[in-house]
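Student: I have a model open and want to learn how to read its features. Where do we start?

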Amino acid sequence: MVRNAEAEEWDLYIDFEAKAKKEEGIKSKSRQRFEEDMEQVRAGLNKKKGTKVLEQVHTQIGRVKERHRRVSGLYRITVVPDKNAIDVTWTLQSEKEKKKLNGIYRLRSNRESITVEEFWQIYTNLTQVESAFKSMKSELGFRPIHHQKEQRVDAHLFITLLAYHICHSIGHRLRAHGICHHWETIRDVLSGHVRVTTTMKGEGNRSIHIRKNSRPTTEQRKIYKALDIAKLPGKVIKAILQKRKK
């Protein structure tokens, strides 16, 4: 954490090694695609019906740079016009300096007295709020709102916020036990635990229906235990039905 006296702020620099490797992999693929597109521009200059006008060449290069904004600034592109032909070259520059910034993030705060732990806690709280809105819009169906009447819209918002508070409470209890799954993951894990109805033919016109729970998996048991929920909710129900004779 560094004090920025000019802006009267604190700057917190965070270095994520895993993020750095991920960003470098993404940039490596982006550089490869950029160079492939530039090769197509160069190949078009030598084709019989390819682009021979200098302004059109610059336009094509501009489109390539726009598609690959992440890495286009790492290249020095040179266009050499000639009476007979146009040549395009590109060289990679200052890549070592760019690599130093991979995985490094800067957080800023204008609070006078703040510790590194408080700084990080405020930032993680912000990410939780952003995750909450994402959860409401995707998993809880907050958007789009198809209602037209104000009362129905208010009810839609109220139910969504109520559902979010329940999801947040569940997530908080699970994280306290070391289970840090997103709500969508929790639903996917628990979706395999169901109530099954088995139907068998009995004597005469009778049919026997037995309804019971399937056996929970190890991951499902962990979630139930963290939430203090019975691993086999509901009793076994047995029903014998007599078919009426026509």
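Tutor: We go through strands, a surface patch, one serine and one unusual backbone angle. Keep in mind that this is a predicted model.

Student: How is strand 1 paired with strand 2, parallel or antiparallel?

Tutor: Antiparallel, over 3 bridges. Strand 1 covers residues 2-4. For a register point, take Val2: its bridge partner in strand 2 is Asp11.

Student: What sits between these two strands in the hairpin?

Tutor: The hairpin has 4 residues between the strands. Check Glu8 there: its phi is positive, near 55°.

Student: Which other strand pairs with strand 2?

Tutor: Strand 5, residues 104-109. The sense is antiparallel, over 6 bridges. Leu12 has Leu107 as its bridge partner in strand 5.

Student: Why is strand 2 described as largely enclosed?

Tutor: Count buried residues, using under 20% relative accessible area as the cut-off. Strand 2 spans residues 9-15, and 5 of its 7 residues are buried, so the rest of the structure largely encloses it.

Student: And side chains along a strand?

Tutor: In a regular strand, they alternate between the two faces of the sheet.

Student: Ser109 is my next pick. Is it buried or exposed?

Tutor: Buried, at 11% relative accessible area, because that falls under the 20% cut-off. Ser109 belongs to strand 5.

Student: What does the side chain of Ser109 reach?

Tutor: The backbone nitrogen of Arg111, at 3.2 Å. Now skip residues up to four places away in sequence: Ser109 touches Glu9, Trp10, Ile114 and Phe119.

Student: Now the surface. Which residues form the nonpolar patch?

Tutor: Phe16, Tyr105, Trp120, Tyr123 and Leu126. Together they have about 440 Å² of accessible area.

Student: Which element gives the patch its largest share?

Tutor: Helix 5, residues 116-138, with 3 residues. Trp120 is found in that helix. Its relative accessible area is 35%, so Trp120 counts as partly exposed.

Student: Last feature: backbone angles. What sign of phi should I expect?

Tutor: Most residues other than glycine have a negative phi. Against that background, look at Asp228: its phi is positive, near 60°.

Student: Where is Asp228?

Tutor: In the loop between helix 8 (218-226) and strand 8 (237-242).

Student: Is Asp228 buried or exposed?

Tutor: Exposed, at 67% relative accessibility. The cut-off for exposed is over 50%.

Methods: Residues numbered from 1 in each chain as written. Predicted model: local features only at pLDDT ≥ 70, side-chain atom pairs only at ≥ 80, totals over all residues. Heavy atoms only, no water. Buried < 20%, exposed > 50% of the residue type's maximum accessible area, 1.4 Å probe, protein only. Pairing = 2+ DSSP bridges. Patch = residues over 30% accessible without salt bridge, like charges linked within 9 Å, V, L, I, M, F, W, Y side chains within 5 Å. Areas by Shrake-Rupley, 256 points an atom, 1.4 Å probe, with all protein chains shown as cover. Salt bridge = Lys/Arg side-chain N within 4 Å of Asp/Glu carboxyl O. Polar contact = N/O pair within 3.5 Å; in protein donor to acceptor, adjacent residues only side chain to side chain. Contact = heavy atoms within 4.5 Å.
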